[in-house]
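Student: Got a minute to go through a model with me? I'd like to talk about a helix and the pockets.

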Amino acid sequence: METFGARLHRAVAQRGPLCVGIDPHPGLLDRWGLPDDVAGLERFARTVVDALADRVAVLKPQSAFFERFGSRGVAILESTIRQSREAGALVLLDVKRGDIGSTMAAYAAAYLDPASPLSADAITVSPYLGVGSLQPAFELAAAHGAGVFVLALTSNPEGPAVQHAVAADGRTVAQTVIDEISQVNAGADPLGSVGLVVGATIGETGHDLSKVNGPLLAPGLGAQGATPADLRSVFGASVRNVLPSYSREVLAAGPSVVELRAAAQRAVADCRAALG
């Protein structure tokens with residue numbers, strides 16, 4: 001069975017270093033001239049999939065924007081995941097789950113077990129009940145060739161109060177997370193399947209990412225203020241493993257399929273140039 005890290009490595013080589021978020025928030029639906037209801041959600045998601053799923057490496061649906069419509073929204077999320085994967089894109093489901101014991105195992109089964117209608121190629125998780133609490137997700141991902149992206153250094157202003165706090169051994173909380181994920185990925189080739197989320201807007205942080213040996217998701221490019229040129233200052237020598245992530249910058253080009261594709265193509269070109 002091919003690992004998620006290997007599949008991601010190949011997808012980026014073939015399609016370029018780009019993850020596009022599918023974030024159907026009310027303002028974006030309105031910008032597209034769509035109603036803020038289930039019909040608008042379905043039209044939005046289908047348009048993005050039709051435009052991009054056969055040409056970008058990764059699509060990243062934000063689960064909350066589907067969940068807010070209840071069971072009908074979740075049904076559209078299921079379809080979005082399935083159609084994206086059928087068209088060849090890897091799907092990173094942005095759910096940021098984090099819990100303990102049987103509850104974390106249930107979250108893992110919901111999103112990483114191929115038998116689930118919400119099964120994705122990878123999910124985002126939160127480590128702030130302890131990285132060890134995420135073990136059920138790591139184990140199920142490994143069993144099914146899926147991936148997990150762990151929050152490490154986020155761009156929200158509240159993040160540093162927790163992430164930069166210093167533990168008894170002198171490391172920051174974020175560096176502790178980084179180091180534990182590095183151990184999970186040790187020896188993986190060409191890339192580990194457990195990644196980190198590190199905001200592209202945070203600048204130089206003094207944290208060491210050199211041993212992660214896994215994908216580094218970099219949200220915040222485009223409308224949130226970061227540019228591809230910022231990636232080297234944030235990630236340094238680890239920039240080779242960065243997966244740049246755009247949302248509004250690309251999605252704002254819709255609802256035209258042609259314009260969405262052009263915006264994604266520009267993003268890929270900019271990221272390739274910046275990452276070398």
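Tutor: Sure, here's a helix, followed by a pocket. This is a predicted model, where local features need pLDDT of at least 70, side-chain atom pairs count only at pLDDT 80 or more, and totals for chains, interfaces and linings use all residues. Residues are numbered from 1 along each chain as its sequence is written, and side-chain values use heavy atoms, with hydrogens and water left out.

Student: Which residues of helix α7 are buried?

Tutor: In α7 (residues 135–144) they are Ala137, Phe138 and Ala141. They sit on the same side of α7, because they cover an arc of only 100° around the axis. Buried is under 20% relative accessible area (1.4 Å probe, protein chains only), helices are DSSP runs of H or I, at least four residues, and strands runs of E, at least two, numbered from the N terminus, and the arc uses directions from the helix axis to the C-beta atoms.

Student: And what covers the buried residues of α7?

Tutor: The cover includes α6 (101–112), β5 (147–153), α9 (173–185) and β6 (194–198), with contact meaning heavy atoms within 4.5 Å.

Student: What phi does Gly145 take just after α7?

Tutor: A positive one, about 70°.

Student: New topic: which strand gives the most to the lining of the largest pocket?

Tutor: β7, with four residues. A pocket is an open set of points on a 1 Å grid over the protein atoms alone, where a 1.4 Å probe fits, with protein on both sides within 12 Å along at least five of seven lines; lining residues have an atom within 4 Å of a point.

Technical notes:
Buried means under 20% relative accessible area, exposed over 50%, partly exposed in between (1.4 Å probe, protein chains only).
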